[in-house]
Amino acid sequence: SSPTLSRLETGASRADAWALHQVLVEHFIASFASPPEELILDVDASDIPLHGEQELKQFHAYYDHHCYLPLYVFCGQSMLACLLRPSRIDGARHAAAVLRLLVTRLRQTWPDVKIIIRGDSGFCRQRLLRWCERANVQHIIGLARNTRLQARVKLAEQVLERDYRRTGSKQRLVSEFSYAAASWNRARRVLTRLEYGAQGVNPRFVVTNIASSEADAVQLYDQLYCARGEAENRIKEAQLDLFGTRTSCHRFAANQFRLLLAALAYTLMQRLRELALRGTELERASAATIRVRLLKIGAAIVRNTRRVRILLASHHPLRHVFAHAAHAMAP
């Protein structure tokens with residue numbers, strides 16, 4: 001009942017949040033039949049608007065409203081962490097600690113797995129970069145532009161501008177150089193993607209410890225770093241399709257628990273796509289589409305001591321999908 005669910009949520013503690021995060025990670029590990037060679041962990045943050053008097057409610061100038069700022073970690077389409085945080089903090093706060101815990105647990109099961117940390121410029125912090133290098137973890141993280149970086153690429157931008165005015169077509173260049181910010185303990189490999197078109201220059205910078213012998217600048221930027229945007233789609237799916245913004249409880253711990261319920265629902269949907277819906281038209285469907293077309297439908301449920309049967313209408317357009325899913329999930 002609703003009162004029972006409310007008591008469950010409002011009575012949640014930090015220990016419950018830790019236990020549910022363990023469920024997410026252990027479920028991810030169990031989903032592999034054999035040890036993976038490589039894992040790419042995407043770290044990102046997003047806002048959850050607040051309209052009440054929740055604990056740790058704060059105003060965030062960038063989003064221009066009161067909100068929480070949860071931290072998410074994904075590996076492919078699998079969610080490994082969703083840590084609720086107040087918003088008046090550095091966006092990279094707690095990221096190094098969360099990633100350290102995840103990497104430690106993953107390497108307990110797969111000691112030889114190659115791990116890559118990927119994130120936008122909000123996570124380019126000395127603490128995270130140095131930990132990656134000490135822990136033998138590769139990283140590819142966005143780097144915010146500044147006057148020193150702009151000076152390094154000024155000549156290349158002038159060449160792109162000249163070629164654009166000569167040809168009338170958009171110019172693009174992906175290159176690299178060595179760079180050390182004032183707060184860094186050493187120089188690091190920096191990739192740069194430069195473009196010049198009708199709207200002028202559009203530079204991007206990325207710092208990485210992946211050696212040039214493993215991949216060149218074009219491969220790293222176009223094939224590895226640009227794929228980071230897929231994690232943003234997964235966050236939107238969890239928040240918009242599975243009520244991942246339902247943080248109206250007064251207690252902060254209760255709202256963390258609600259966020260984890262949405263994470264578990266997302267994990268269920270993701271595994272449903274992988275196992276039961278593979279090979280169907282819903283294999284790549286969003287959680288909202290699966291809910292509307294597969295779950296929120298009229299059906300008769302017949303239960304006895306041996307089985308539970310779902311009887312659909314004879315004219316239901318997705319009867320074949322139900323049959324496929326039942327066959328795929330059969331023991």
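Among contacts in this protein between residues at least 6 apart in sequence, 61% join residues at least 24 apart. Please keep in mind that what we are viewing is a predicted model. The secondary structure comes to ten helices and 14 strands. Of the 331 residues, 45% count as buried. Taken along the principal axes, the C-alpha atoms fill a box of roughly 75 × 45 × 45 Å. The accessible surface comes to about 18,000 Å², and 53% of that surface belongs to carbon and sulfur atoms.

Let me turn to one helix, α6, which covers residues 217–225. Which residues of α6 are buried? They are A217, L220, Y221, L224 and Y225. These residues lie on the same side of α6, because they cover an arc of only 115° around the axis. As a general point, an α-helix has 3.6 residues a turn, so residues three or four places apart point the same way. What covers the buried residues of α6 includes several strands: β1 (38–45), β7 (114–119), β8 (138–142), β9 (171–179), β10 (188–197) and β12 (204–208). At the start of α6, a side-chain oxygen of D216 comes to within 3.3 Å of the backbone nitrogen of V218.

My next topic is charged side chains. In general, side chains of opposite charge can pair when their charged atoms come close. In this model the count comes to 22 salt bridges, and I shall present three of them.

The first example is in helix α5. R166 and D163 meet through their side chains in a salt bridge, at 3.4 Å from N to O. How far apart along helix α5 are R166 and D163? They are three residues apart, which means a separation of about one helical turn. Is R166 buried or exposed? With a relative accessibility of 62%, R166 counts as exposed, whereas D163 is buried, at 15%. The cut-off to remember here is that buried means under 20% relative accessible area and exposed means over 50%.

Let us stay with D163, which is found in the helix running from residue 147 to residue 167. Leaving out residues up to four places away in sequence, D163 touches G168 and Q171. D163 and Y196 are 33 residues apart along the chain, and their C-alpha atoms are separated by 9.0 Å.

The second example is the pair E195 and R193, whose side chains form a salt bridge of 3.5 Å, N to O. Both of these residues are buried. E195 and R193 also belong to a network of salt bridges that links them with K170, R172 and D222.

The third example is the salt bridge between the side chains of E237 and R273, at 2.8 Å from N to O. This pair links distant parts of the chain: E237 is in helix α7 (residues 229–241), R273 is in helix α8, and they are 36 residues apart. E237 and R273 are both buried.

Helix α8, residues 252–276, also holds R258. R258 is buried, with a relative accessible area of 12%. Which residues does R258 contact, once its neighbours within four places in sequence are left aside? They are E9, R246, T247, S248 and C249. The side chains of R258 and E9 are joined by a polar contact of 2.9 Å.

We may now view this from the side of E9, in helix α1 (residues 2–10). E9 has a relative accessible area of 2%, so it counts as buried. A second polar contact of E9, at 2.5 Å, joins its side chain to that of R246. Apart from residues up to four places away in sequence, E9 touches R246, A254, F257, R258 and L261. If you locate E9 on the screen, you can therefore find both R246 and R258 among the residues in contact with it.

I shall finish at the surface. I301, V308 and I310 make a nonpolar surface patch of about 320 Å². V308 has its place in strand β14, residues 308–311. Is V308 buried or exposed? It is exposed, with a relative accessible area of 56%.

Notes. Residues numbered from 1 in each chain as written. Predicted model: local features only at pLDDT ≥ 70, side-chain atom pairs only at ≥ 80, totals over all residues. Heavy atoms only, no water. Buried < 20%, exposed > 50% of the residue type's maximum accessible area, 1.4 Å probe, protein only. Helix = DSSP H or I, 4+ residues; strand = E, 2+ residues; numbered from the N terminus. Arc of directions from axis to C-beta. Contact = heavy atoms within 4.5 Å. Polar contact = N/O pair within 3.5 Å; in protein donor to acceptor, adjacent residues only side chain to side chain. Patch = residues over 30% accessible without salt bridge, like charges linked within 9 Å, V, L, I, M, F, W, Y side chains within 5 Å. Areas by Shrake-Rupley, 256 points an atom, 1.4 Å probe, with all protein chains shown as cover. Salt bridge = Lys/Arg side-chain N within 4 Å of Asp/Glu carboxyl O.
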